[in-house]
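Here's a walk through one chain and the pocket around its ligand. Have the model open alongside, and let's start with the ligand.

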Amino acid sequence: MHLVAIGGSDAGISAALRARELDPGVEVTVVVADRYPNFSICGIPYHVSGEVADWRSLAHRTVADLEATGMVLRLDTVARRIDVADHGLLVTGPGGAEERLAYDALVVGTGAVSVRPPVEGLVGAGALGAEDGVHMLHSMDDTFAVTRTLEERRPSSAVVVGAGYIGLEMAEALTTRGLAVTQLEQLPEVLPTVDPALGALVHEQLVAHGVDVRTSTTLEGVARADDGLEVRARGAGGDRVTLRTDMVLVVVGVRPDAELAAAAGATLGIRGALVVDRAMRTNLPDVFAAGDCVVTHHRLLGDTYLPLGTTAHKQGRVAGENAIGGSRRFAGSLGTQVVKVFDMVAARTGLKDAEAVSVGLHPRTVGFEGDDHKAYYPGSHRVRLRTTGDLATGRLLGVQLFGHRHAEVAKRVDIAAAAIFAELCVDEVSDLDLSYTPPLGSPWDVVQGGAQAWVRETAGAGA
Ligand SMILES: Cc1cc2nc3c(=O)[nH]c(=O)nc-3n(C[C@H](O)[C@H](O)[C@H](O)COP(=O)(O)OP(=O)(O)OC[C@H]3O[C@@H](n4cnc5c(N)ncnc54)[C@H](O)[C@@H]3O)c2cc1C
């Protein structure tokens, strides 16, 4: 049995590790386009900021660790064509030589690529690039390009386009490096994955640390200027915005990198991602796929596109197990995510109102505020919550949180994620036997306080 995985990031490596763990007799080859297998690209902002000084530390596992599991790594090797009929993968190696790898099962983990907004200076013949100080950010090579710009050009200012979680992390990273950062976001508030009420608190945190935040502002073009770069944008009332800067970082999302499998006949779905079943099988015989290149099953929304590292790890593990004959199913995502913005943290799991309405539910969201631990013990922080439940069934649908980085926001959103996964009603959250000691919590955790507020405010409001 020869399993070939394409892609050396979360999905491809998770598949390879799982296959070797379950059956050390299985031959596993991982084909990786670059030299950086199993790197934690989620950690890139913390290398750019300087907090993680050595980029090598970002490796989840070293090449030696991976090879010790018995897998064969083919680095600097690009998969060019899948020949489904005769179970072959055409690759080009480091020297450019073509080779055919025979497989019994294939896992496609080609991931995603950065979205390049179709505006002047970013697309077309004269598009600007890293050598001009204009960057995208997804791979280790992108990271080296950013750090080269920082070290060689010594920029004093940067424009970050996009205020999703990566844009926020990078605004913080570049501020920490001493740059004056302007952040553009076309939507009315930053971090649109949470409700504007919490996004506004994230916004305040950026401003408090000197970031010049421009919401409702859409990028229109980037051009070289005498003394750096000129960024053109359109502001809220249609007014023109022109900014002079030394560096531009465009982080406006990703799209699935699905062309290789699509060319072999794989079916594409939402946002051009590969369609897979819950066993992570594509429609092609013995071809599985996982991670940012596939359509993701969401436990409440059904099929969606939700590129996240946590999901890529889980899907890769399922794909690796099934590729060698297993029968595991991907349980589904809840879109649980968390981001640190300077001293504060925002997190969400499950659905916001509009998402719930889109699948026929009857949501109501109720705000709440409480302490992370007993206020009489030094160092307590307020935590803001938004709890979303279904008026028709009482079921917990979503929780959003905002609080200090030492207020265990991430683990509190995980309580909610576990409750939604278990299909609890909002009222049942109060029944959870959570831990308590005054320096670390309260007899009712703030997540339970939020649930009780929801029950109080929606009493008699059933749909
Ligand atoms: C800056 C940043 C911060 C992030 N932070 C978080 C976070 O905090 N939490 C979180 O959950 N997620 C985070 N993510 C998202 C997360 O990193 C991705 O969801 C995850 O890496 C997806 O893994 P993947 O294996 O599907 O694809 P990718 O990471 O995109 O990897 C694709 C792999 O396939 C290889 N490849 C592609 N085409 C070929 C080919 N033809 N031949 C050979 N190899 C090929 C690539 O070289 C790469 O190794 C972050 C992403 C970025 C960029």
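How do the residues of the shell around the ligand divide into nonpolar, polar and charged? They come out as 18 nonpolar, 11 polar and four charged. For that split, Ala, Val, Leu, Ile, Met, Phe, Trp, Tyr, Cys and Pro count as nonpolar, Asp, Glu, Lys and Arg as charged, and the others, Gly among them, as polar.

Two notes before going on. Keep in mind that this is a predicted model, where local features need pLDDT of at least 70 and side-chain atom pairs count only at pLDDT 80 or more, while totals for chains, interfaces and linings use all residues. Numbering runs from 1 along each chain as its sequence is written.

**The ligand shell**

The ligand is surrounded by 33 residues, and the closest are Gly7, Ser9, Gly111, Gly291 and Gly309. A residue counts as near the ligand if its C-beta atom, placed from the backbone, lies within 6 Å of it. Elements that give two or more residues to this shell are helix H1 (10-22), helix H2 (44-48), strand S4 (78-83) and helix H8 (309-323). Helices (H or I, at least four residues) and strands (E, at least two) are DSSP runs, numbered from the N terminus. Both domain 1 (2-113 + 254-323) and domain 2 (130-250) supply at least three residues to the shell.

**Overall layout**

In total, the chain has 11 helices and 25 strands. It is divided into domain 1, domain 2 and domain 3 (343-458), with bounds that come from an automatic or database domain assignment. Along its principal axes, the C-alpha trace spans about 65 × 60 × 40 Å. The centres of domain 2 and domain 3, taken over C-alpha atoms, are 31 Å apart. Nine residues of domain 2 are in contact with 10 residues of domain 3, contact meaning C-beta atoms, placed from the backbone, within 7 Å. On the domain 2 side, the touching residues are six nonpolar, two polar and one charged.

**Two open sheets**

Here are the two five-stranded sheets, with strands counted as paired if DSSP finds at least two bridges between them.

| Strand order | Pairing | Average turn between neighbouring strands |
|---|---|---|
| S3-S2-S1-S7-S18 | parallel | 20°, direction ignored |
| S21-S22-S25-S24-S23 | antiparallel | 10° |

In the parallel sheet, strand S3 (72-74) and strand S18 (287-289) stand at the edges with a single partner strand each, so one side of each has no neighbour in the sheet. Strand S1 (residues 2-6) and strand S2 (residues 27-31) pair over five bridges, and isoleucine 6 has valine 31 in S2 as its bridge partner. Helix H1 packs on this sheet, touching S1, S2 and strand S7 (105-108), and its direction makes about 170° with that of S2. Axes here are lines fitted to C-alpha atoms, for helices over the stretch in contact, with angles from 0 to 180 degrees between N-to-C directions.

In the antiparallel sheet, the edges are strand S21 (337-341) and strand S23 (363-371). S23 pairs with strand S24 (residues 382-390) over nine bridges, and valine 366 stands opposite threonine 387 in S24. Helix H10 (residues 409-421) lies across S21, strand S22 (344-350), S24 and strand S25 (396-404), running at about 5° to S22.

Conventions: Two residues are in contact if their C-beta atoms, placed from the backbone, lie within 7 Å.
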